[in-house]
Amino acid sequence: MKPKIDDVAKLAGVSPTTVSRVLNNRGYISDRTKEKVQKAMSELNYFPNDVARSLFNKRSNLLGVILPTTANPFFGELTFHLENISAAKGYKMLVCNSLNRIDKEEKYLEMLLRNQVDGIIVGTHNRGILDYHKQNLAVVAIDRYLSETVPVVSSDNYEGGKIATDLLVSQGCKNIVLIDGIGDLETPARLRRKAYEEMMEELGRRPIVYEIPEVFDRESQHAVIAKLFKECPDVDGVFATNDIFAASFIMMAKKMGKDVPGQIKVIGYDGTESVQSFLPELTTVQQPISTIAETSIELLLKEIEGEFQDIPLETRLPVKLLKGTTA
């Protein structure tokens, strides 16, 4: 039979109220009493009821995260840091992979609300479908604009786009192509493209952009890259707005007998540990992923505590160039 709080109290020689205060860290309790209660819990193999505690504290100590897919190296690494930081602060995390589908996002939001999460971190593309504030939820967005009142955390995407484009120009590339997702939404990440386009125009060159419709689908990536090679045979520089696009391009280039970086120089964006492991030669713009996660959690917890006055609506964190041999 599962031990109860009364059993812990009896073994520790204290009242059930004292055990409850120890569990919920309420009021002054001497270290000696805490040790007695914790020892009794250990001996009885007693685990507190999180649901009951959440009702008592009016908090679930649960956070929700809605991302496109943790199979993507950037979102996978981001999730790792979000979960670690949350756990260190006493929160558990429910992770939802939406694949940018509106129907999945709506169902996930309903699920998170049923679980009474204290706040949600959002990194999905579909803006405007989730009316968070009507649910009185704390919300922080990563690289997404959800509304004028939801704070956004991102890397300095425009500066990253400038760094990448400038590097290709400085290395003598004349026909520089951008590989990106479909640009139907205004997001902070879209500033990577804006920086490229503006720099090309300043140089008197025509921006050349190839858009991948299904960004997480390898076949979609390969089809667009094959089209690029057919339509732009003189391409000598590629800025891919994420490292997976860059990896796909390099693989396709090698299949077609193109030398990287001899004939075509390539630079990506993200700089995750996993991509550095399987493609260490890739030159890329590295996002501060752990800092993005830390900042997002910090802002979310402030919102949960009702601190809205000093929260910045947009936070842009610095990027850096990781120099490999592809550019």
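This is a quick tour of a predicted model, from the whole chain down to a few helix pairs and single residues.

**The chain as a whole**

The chain runs to 327 residues, and 49% of them count as buried. DSSP-style bookkeeping gives 12 helices and 12 strands. Laid along its principal axes, the C-alpha trace spans about 80 × 40 × 35 Å. If you take the contacts with a separation of 6 or more, 68% come from residues 24 or more positions apart.

**Two helix pairs**

Two packed helices are described by an axis angle and an axis distance. Here are two pairs from this model.

| Pair | Residues | Angle | Axis distance |
|---|---|---|---|
| α9 and α10 | 218-231 and 243-255 | about 55° | 10 Å |
| α2 and α3 | 16-24 and 31-44 | about 95° | 10 Å |

Start with α2 and α3. An angle of about 95° falls in the 65 to 115 degree band, so α2 is roughly perpendicular to α3. From α2, the residues involved are Thr-18, Val-19, Val-22 and Leu-23, and they meet Thr-33, Lys-34, Val-37 and Met-41 of α3. Sorted by class, that contact holds 5 nonpolar, 2 polar and 1 charged residues.

Now for α9 and α10. At about 55°, these two helices are oblique to each other, and the crossing is right-handed. On the α9 side you'll find Gln-221, His-222, Ile-225, Ala-226, Leu-228 and Phe-229; facing them in α10 are Ile-244, Phe-245, Ser-248, Phe-249, Met-251, Met-252 and Ala-253. The class count for this contact is 10 nonpolar and 3 polar residues, with no charged ones.

**Thr-326 and its surroundings**

Close to the end of the numbering, in the segment after β12 (320-322), sits Thr-326. Is Thr-326 buried or exposed? Its relative accessibility is 3%, which is under the 20% cut-off, so Thr-326 counts as buried.

The side chain of Thr-326 has two polar contacts worth a look. A polar atom of that side chain lies 2.7 Å from the backbone oxygen of Val-266, and the side chain also reaches the backbone nitrogen of Thr-283 at 2.9 Å. Leaving aside residues up to four places away in sequence, Thr-326 touches a list of residues including Ile-250, Ile-264, Lys-265, Glu-281 and Leu-282.

Val-260 and Pro-261 are also among the residues that Thr-326 touches, and that pair has a quirk of its own. The peptide bond from Val-260 to Pro-261 is cis, with omega near 15°. Pro-261 itself is in the loop between α10 and β9 (265-270).

**Ile-176 in β6**

Ile-176 belongs to strand β6 (residues 176-181), and at 2% relative accessibility it is buried. Which residue lies 61 positions from Ile-176 in sequence but 4.4 Å away in space? That is Gly-237, with the distance taken C-alpha to C-alpha. Not counting residues up to four places away in sequence, Ile-176 touches Gly-237 along with Leu-168, Val-169, Tyr-196, Met-200, Arg-205, Ile-208 and Asp-236.

**Two aspartates with positive phi**

Asp-143 is not a glycine, yet its phi is positive, at about 60°. Asp-143 is in the loop between β4 (138-142) and β5 (152-155) and is buried, with a relative accessible area of 5%.

Asp-270 also has a positive phi, in this case about 140°. Asp-270 is part of strand β9, and its 8% relative accessibility makes it buried.

Conventions: Residues numbered from 1 in each chain as written. Predicted model: local features only at pLDDT ≥ 70, side-chain atom pairs only at ≥ 80, totals over all residues. Heavy atoms only, no water. Axes fitted to C-alpha atoms, helices over the stretch in contact; angles between N-to-C directions. Helix = DSSP H or I, 4+ residues; strand = E, 2+ residues; numbered from the N terminus. Parallel < 35°, antiparallel > 145°, perpendicular 65-115°, else oblique. Left-handed = near helix turned anticlockwise from the far one by under 90°. Contact = heavy atoms within 4.5 Å. Nonpolar A, V, L, I, M, F, W, Y, C, P; charged D, E, K, R; others polar. Buried < 20%, exposed > 50% of the residue type's maximum accessible area, 1.4 Å probe, protein only. Polar contact = N/O pair within 3.5 Å; in protein donor to acceptor, adjacent residues only side chain to side chain.
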